[in-house]
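This report covers a strand pairing, the sheet around it and one helix packing. Please have the model open while reading.

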Amino acid sequence: MKHLLAFLIINSLFFSCQKKANQTTVKRTLKSNIKYAKGFDIITIGNQKKLVIKKPYQNSKEEFTYLLGDKMDLSKNELKIPIKNIVVTSTTHISMLEQIGAEKFLTGFPQTKFISSEKTRKRIAEGKIVELGSERSMNTEKLLELAPNLVIGFGLNGNNKTYKTIMRNGIPVIYNGDWLEDTPLGRAEWIKFFGVLFNKEKEADSIFNVIESNYLAVKKIALKSKTIPTIISGNLFKDTWYMPAGKSFIATYFKDANTNYIWKNTKGNGSLPLSIESVLDKGKDADFWIGCGLFESREEMIKSNQSYNSFNTFKNKNVYTYATNKGITGGLIYFEKAPVRPDLLLKDIIKITHPNLLPNYNLTFFAKMN
């Protein structure tokens, strides 16, 4: 009986250890190289890759997991890669496709006039990229004629009727939530999302590593400044001033540039709706105004609202805008390129606020208002 009891104990311990070993093996084979982005993940388990969209749209409570391989089966969320024919819906996607050399696979886009890149504009002129109307009500007939392998969408919610129509016709739609990320590097890391779709993971990883390294290096340079200027941002829309919240990616830029963003301690990662009185009370004497919506000149701002002239930074001509830097058809370079090049945007802010730290750098996205 003692021998039987001893056998059972040893046997139990053996299987317990074996179970733990198996669990350890699974943990070791599960790999992810996503460092900053919170809205998606790329998981490798053995030879199987999974693309997980954690935050497809605002306030989403659902996740989408896609198995990436050599089969296309929408009923099982299986996606065949590499993608050879794609439709995207944001100019941010254009820049990321070009970065990894996948722009040649783009066949359709809504409102092509907003695309600024000369490389992609050439393809539009050659008829290789079809105009699909507006993003919210794309021309589904034209899109279905293109028969893309995949449509990359974005939206405020999951009730986009156009996307549902596209999916009912057997074309997968994946939401890209790069614009919902709270940090500059989190936004830029979505280049890996496109990398895995085109079997260009190495290219995407390499590009992001350089961007990350550049960003962190220039962030260190900003710490050398002996002065910390005060910053305001945003502008009035009707009677409400929309100011970047303290946890927003814009506030992160100001922090990493070693500036004192006056609303840095506020909650939220979107915009703060404020009255002009409250903004004047706290920000009247700010040193710099970086980001003032789509205004292109001080004259235009004053015509819109005389209150802008009450700010010292406006009187001292220290207002900086991204609205004057446009592509040939009017698209803003800032919206297209800045999300994937946070290192350059951070350099812009440091050049504006600590010019002596980057003496040989010229602004990429922002310009001083006349």
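S12 and S13 pair in the antiparallel sense, over 3 bridges. Strand S13 spans residues 240-244. One bridge can be named: Phe237 has Thr240 in S13 as its partner. The model is a predicted one.

This pairing belongs to a wider sheet. The sheet is open, has 3 strands and runs in the order S12-S13-S15. Its pairing is antiparallel. S12 and S15 are the edge strands, and each pairs on one side only. From one strand to the next, the twist averages 35°.

The strands and their residue ranges are as follows.

| Strand | Residues |
|---|---|
| S12 | 235-237 |
| S13 | 240-244 |
| S15 | 271-274 |

Next, the helix packing. Which angle do helix H9 and helix H14 make where they pack? The angle is about 60°, and the axes lie 9 Å apart. H9 is therefore oblique to H14, since angles of 65 to 115 degrees are what count as roughly perpendicular. H9 passes H14 in a right-handed crossing.

H9 covers residues 249-256, and H14 covers residues 342-353. On the H9 side, the contact is made by Tyr253, Phe254 and Asp256. They meet Pro342, Leu345, Leu346 and Ile349 in H14. How do the residues of this contact divide into nonpolar, polar and charged? There are 6 nonpolar residues, no polar ones and 1 charged. Asp256 of H9 is among the residues in the contact, and Asp counts as charged.

Terms used: Residues are numbered from 1 along each chain as its sequence is written. This is a predicted model: local features need pLDDT of at least 70, side-chain atom pairs count only at pLDDT 80 or more; totals for chains, interfaces and linings use all residues. Side-chain values use heavy atoms; hydrogens and water are left out. Axes are lines fitted to C-alpha atoms, for helices over the stretch in contact, and angles run from 0 to 180 degrees between N-to-C directions. Helices (H or I, at least four residues) and strands (E, at least two) are DSSP runs, numbered from the N terminus. Angles under 35 degrees count as roughly parallel, over 145 as roughly antiparallel, 65 to 115 as roughly perpendicular and the rest as oblique. A crossing is left-handed if the near helix is turned anticlockwise from the far one by less than a right angle, and right-handed if clockwise. Contact means heavy atoms within 4.5 Å. Two strands pair if DSSP finds at least two bridges between them.
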